[in-house]
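Thanks for coming. I have a few minutes on pockets, so please look at the model on the screen while I talk.

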Amino acid sequence: MLAAAGVAVTPTELARTAVAAAALAERLGCPAALKIVSPDIVHKSDAGGVRLGLASPAAVAAAFDEVMRAVRARQPTAHLEGVSVQPMAPPGGVEVIVGVSVDAQFGHVIMCGLGGVLVEVLRDVAFRLIPLQPRDAREMLTELHGLPLLRGVRGRPGVDLRAVEELLLRVSQLIAQRPDIRELDLNPVLAYPDRVLTVDARALVTVER
Ligand code: ADP
Ligand code: MG
């Protein structure tokens, strides 16, 4: 869905067995990331369901069994579909979070902030109404206290701010077309000097009955 909306996402495929996970790692390339896939698990890392930097298909196969066991021990009633396998994103990206939610008064709103630990500790985020105008996207970034981290500090290169703005606009467009999406979290989006790449996303969609 995100790829169709023009959002750059890491190739991600589902494996239901260790053998299938290893084959996917072979095809997608190592080092790989492996993540639990379950409709009952929202925070995969908290559930012991994420393994990063797996160097070989054999390591991916072993991690499949470890992750399934670890998650089952913590959440015995969760329905586990398998794992998703992705190539690791290049190092050095700045973690950004983009979120969408529905406000009781205003309807769909979009949020952007610095990701990882920073979003929980500093709550350094900016909000706007959807649909977003290009100017809104620009202003959201300038509102962030952590903007210097995106512009580059202490010899660290800055990230592609235009690409972050473009991402916000594409997410806004997606929501304008799909108002049944009640929540959307891209966390993290990795921002690099020349592009952005989303490595984790979660959507909550309303179903008409
Ligand atoms: P969750 O948010 O459900 O715990 P994530 O998919 O976000 O799971 O993975 C946890 C963290 O692992 C991310 O915030 C990111 O720092 C890192 N990560 C996840 N996938 C990749 C990837 N493909 N390449 C590099 N780092 C990744
Ligand atoms: Mg995440």
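I'll start with the lining of the largest pocket: its residues divide into 19 nonpolar, 7 polar and 9 charged. Keep in mind that this is a predicted model.

How much space lies in that largest pocket? About 1000 Å³. Its lining comprises 35 residues, and S45, E95, N187, P188 and D200 are the ones that lie nearest the centre. Several elements give two or more residues to this lining, among them the strands β2 (32-37), β5 (94-103) and β8 (181-191), and also the helix α3 (117-122). The largest share comes from β8, with 4 residues.

Now the domains. The chain is divided into domain 1, residues 13-87, and domain 2, residues 94-205. Taken over C-alpha atoms, the centres of the two domains are 27 Å apart. Each of them supplies at least three residues to the lining of the largest pocket.

On to the second largest pocket, which has a volume of about 780 Å³. It is lined by 25 residues, with K44, D200, A201, R202 and A203 closest to its centre. The elements giving two or more residues to that lining are β1 (13-15), β2, β4 and β10. By class, the second lining has 14 nonpolar, 6 polar and 5 charged residues.

Where does the second largest pocket lie with respect to the domains? Domain 1 and domain 2 both give residues to its lining, so this pocket lies between them.

One residue to find on the screen is D200: it is among those nearest the centre of the largest pocket, and also among those closest to the centre of the second largest.

Key:
Residues are numbered from 1 along each chain as its sequence is written. Chains are lettered from A and ligands numbered from 1 in the order in which they are written. This is a predicted model: local features need pLDDT of at least 70, side-chain atom pairs count only at pLDDT 80 or more; totals for chains, interfaces and linings use all residues. Side-chain values use heavy atoms; hydrogens and water are left out. Domain bounds come from an automatic or database domain assignment. On a 1 Å grid over the protein atoms alone, a cavity is a set of points where a 1.4 Å probe fits but cannot get out, and a pocket is an open set with protein on both sides within 12 Å along at least five of seven lines; lining residues have an atom within 4 Å of a point. Grid points are joined across faces, edges and corners, and a volume is the space filled by probe spheres set on the points. Ala, Val, Leu, Ile, Met, Phe, Trp, Tyr, Cys and Pro count as nonpolar, Asp, Glu, Lys and Arg as charged, and the others, Gly among them, as polar.
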